[in-house]
Amino acid sequence: MEVFEDIFAGVLPQPPIGDILAFVPIHIAPGEAVFQGRPQRRHYNTLGTVHGGWFATMLDSAVACAIHAELPAGKGFTTLELKVNIVRPLNERVPLVRAEGSVIHAGRQVVTAEGRIVGPDGKLYAHATTTCLIFDVSPNSKEISHEQT
């Protein structure tokens, strides 16, 4: 949580992916995260709608930050699986969407989370689930420990 508090306080910079894809974190607490974004024409695919990678990246950010905020100091994680279902296309006529992520289960070695992209009218545009592996992080070097927890 300290990392996210420093980002919101302006001590640390926002991750640059948000600049590229036009979304920002607006709320992060242990086990939950909300990102807000504006789909833009520059995010379109050849079909004239927002590319699936935009959906996946926004959802991955929400579920991953929900997990990250749940972890104690000294723990890191990596994604084992991300499953995204796009149920409605997006285009620039939808002015703003939110990706809401929440932890489903936090075990000692594995954490699962789910996320949803919803529009300002409450319509569901996509949903996702993720499974992440938890590991120890060396406090001095930020390297991954090869010991199992």
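Helices and strands here are DSSP runs, helices of at least four residues and strands of at least two, numbered from the N terminus. With that in hand, welcome to a predicted model, shown in a few close-up views.

**View 1. Six strands line up in an open sheet.** Follow the order β1-β2-β4-β5-β6-β3 across the sheet, and you will find that the pairing is antiparallel. The two edges belong to β1 and β3 (75-86); each has a single partner strand, so one side of each is left without a neighbour in the sheet. On average, neighbouring strands are turned by 20° against each other, direction ignored. For a closer look at one pairing, turn to β2 and β4, which run antiparallel and are joined by 6 bridges. A handy example is Ala33, whose bridge partner in β4 is Gly101.

**View 2. Helix α3 lies across the sheet strands.** The helix lies across β1, β2, β3, β4, β5 and β6. Relative to β4, α3 runs at about 45°.

**View 3. The largest nonpolar core brings together 32 residues.** Which of them touch the most other members? They are Phe35, Trp54, Phe55, Met58, Leu90, Val97 and Ile117. Two or more residues come from each of β1 (23-29), β2 (32-37), α3 (52-70), β4 (97-106), β5 (110-118) and β6 (124-136). The helix α3 gives the most, with 10 residues. In soluble globular proteins, nonpolar side chains tend to be buried together.

**View 4. Leu90 shows what the core looks like from one of its members.** Setting aside neighbours within four places in sequence, Leu90 is in contact with Pro39, Thr49, Val50, Trp54, Phe55, Val97 and Tyr125. Trp54, Phe55 and Val97 may be familiar from the previous view, where they appear in the list of core residues that touch the most other members.

**View 5. Glu92 and Arg41 meet in a salt bridge.** Their side chains come to 3.7 Å, N to O. Glu92 sits in the loop between β3 and β4 and Arg41 in the loop between β2 and α3, so the pair ties together parts that are 51 residues apart in sequence. Glu92 counts as partly exposed, at 40% relative accessibility, while Arg41 is exposed, with a relative accessible area of 53%.

**View 6. Lys75 and Asp136 form a salt bridge too.** Here the side chains meet at 2.6 Å, N to O. Lys75 belongs to strand β3 and Asp136 to strand β6, and the pair links parts of the chain 61 residues apart. Is Lys75 buried or partly exposed? At 26% relative accessibility, Lys75 counts as partly exposed. The count for the model is 2 salt bridges. Side chains of opposite charge can pair when their charged atoms come close.

**View 7. His43 and Ala22 touch each other.** His43 lies in the loop between β2 and α3 and, at 6% relative accessibility, is buried. Beyond residues up to four places away in sequence, His43 touches Ile20, Leu21, Ala22, Arg38, Thr49, Val50, His51 and Trp54. Ala22 is found in the loop between α2 (17-21) and β1. Although Ala22 is not a glycine, its phi is positive, at about 60°. At 18% relative accessibility, Ala22 counts as buried, because the cut-off for that word is under 20%.

**View 8. Confidence differs along the chain.** The protein chain averages a pLDDT of 90, and 93% of the residues score at least 70. Over residues 142-149, pLDDT stays under 50, and the model has 14 contacts beyond four places in sequence for this stretch.

Definitions and conventions
Residues numbered from 1 in each chain as written. Predicted model: local features only at pLDDT ≥ 70, side-chain atom pairs only at ≥ 80, totals over all residues. Heavy atoms only, no water. Core = buried A, V, L, I, M, F, W, Y, C linked by side-chain atoms within 4.5 Å. Buried < 20%, exposed > 50% of the residue type's maximum accessible area, 1.4 Å probe, protein only. Contact = heavy atoms within 4.5 Å. pLDDT = per-residue confidence, 0-100. Pairing = 2+ DSSP bridges. Axes fitted to C-alpha atoms, helices over the stretch in contact; angles between N-to-C directions. Salt bridge = Lys/Arg side-chain N within 4 Å of Asp/Glu carboxyl O.
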